[in-house]
Amino acid sequence: MLEGKNVNLRIMEKEDLPQFAEWVNKPEVFGEYNPLRVMSKAEAEKMLESPLELKPFMIEKKDGSKIGFITHFYVLHVAGKQLEIGYSLVPSERGKGYCTEATQLMVDYLFLSKETPYIQAVTHLKNVASQRVLEKVGFKKEGIMRKRFYIRGEWTDMVIFSILREEWKEPKILTRKTSESH
Ligand SMILES: CC(C)(COP(=O)(O)OP(=O)(O)OC[C@H]1O[C@@H](n2cnc3c(N)ncnc32)[C@H](O)[C@@H]1OP(=O)(O)O)[C@@H](O)C(=O)NCCC(=O)NCCS
């Protein structure tokens, strides 16, 4: 468990997969700027088993309620160490700073436990909320990736952000003692 002030991140277990798949399948949770996806429970289970696939964490409030997820995965799928993150919150819990805290926890955790030289995130040009989250955690905008993803029937320009290990410097929420490797 990665513990913050208002939210905790908990690695997903098999029993969380129905909730995870439900959120990914729901456009109102996955968001208007992500591709439409359908994910079966079997696909979600396969994902948990593969070292190259998404590693999803549940974002939970301090009372244990589940409000969304944050994932990390390898940018280059063959022998790469570079990591990317992605996240979504249920609509009723947005705008309260939870994703910013979850992202800071994930960045601390990844730099403390993985060898990655940077962490990147890719977001739709119009996804201002996501871009604000990244900026608040210290990510910098690298540029526009033209026609990169097929989203809702069209090839869409995306913005790529990253934070380098040397820009992060030190954990902001976790400490060197509390980070665990998953
Ligand atoms: C992106 C998302 C995860 C952000 O979560 P969140 O918990 O609401 O984020 P926070 O509350 O920590 O911060 C949001 C920031 O964006 C700002 N913001 C939100 N909507 C905005 C808008 N339409 N225009 C400008 N700023 C906006 C907020 O004011 C806040 O910034 P501030 O603290 O400087 O005021 C959430 O909107 C979501 O789940 N969206 C759908 C899924 C998605 O798009 N995921 C990202 C894919 S890359």
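In this predicted model, the second largest pocket holds about 170 Å³ of space. Its lining is made up of Glu32, Tyr33, His124, Leu125, Lys126, Ile151, Arg152, Glu154, Thr156 and Asp157. Strand β8 (residues 154-164) chips in the most here, with three residues. Sorted by class, the lining of this second pocket comes out as five charged, three nonpolar and two polar residues.

The largest pocket has a volume of about 1100 Å³. A total of 43 residues line the largest pocket, and Phe30, Asn34, Gly86, Tyr87 and Ser88 sit closest to its centre. Plenty of elements pitch in: those giving at least two lining residues each include helices α1 (17-25), α2 (27-30), α4 (98-113) and α5 (128-136), along with strands β4 (66-74) and β6 (118-124). The largest share, six residues, belongs to β5. As for class, 23 of the lining residues are nonpolar, 13 are polar and seven are charged.

Then there are the aromatics, with six pairs in the structure. One of them joins Phe20 and Phe69 edge-to-face, at 4.8 Å centre to centre and 80 degrees between the planes. Since Phe20 belongs to helix α1 and Phe69 to strand β4, this pair ties together parts that are 49 residues apart in sequence. Phe20 is buried, at 1% relative accessible area, and Phe69 is also buried, at 4%. The Tyr150 and Trp155 rings make a tilted pair, because their planes meet at 55 degrees, with the centres 5.2 Å apart. Tyr150 itself is partly exposed, with 47% relative accessible area. Back with Phe20 and Phe69, these two also belong to one aromatic cluster together with Trp23 and Phe30.

Note on methods: Residues numbered from 1 in each chain as written. Predicted model: local features only at pLDDT ≥ 70, side-chain atom pairs only at ≥ 80, totals over all residues. Heavy atoms only, no water. 1 Å grid on protein atoms, 1.4 Å probe; cavity = no way out; pocket = protein on both sides within 12 Å on 5 of 7 lines; lining within 4 Å. Points joined across faces, edges and corners; volume = space filled by probe spheres on them. Helix = DSSP H or I, 4+ residues; strand = E, 2+ residues; numbered from the N terminus. Nonpolar A, V, L, I, M, F, W, Y, C, P; charged D, E, K, R; others polar. Phe/Tyr/Trp six-rings, centres within 6.5 Å; stacked < 30°, edge-to-face > 60°. Buried < 20%, exposed > 50% of the residue type's maximum accessible area, 1.4 Å probe, protein only.
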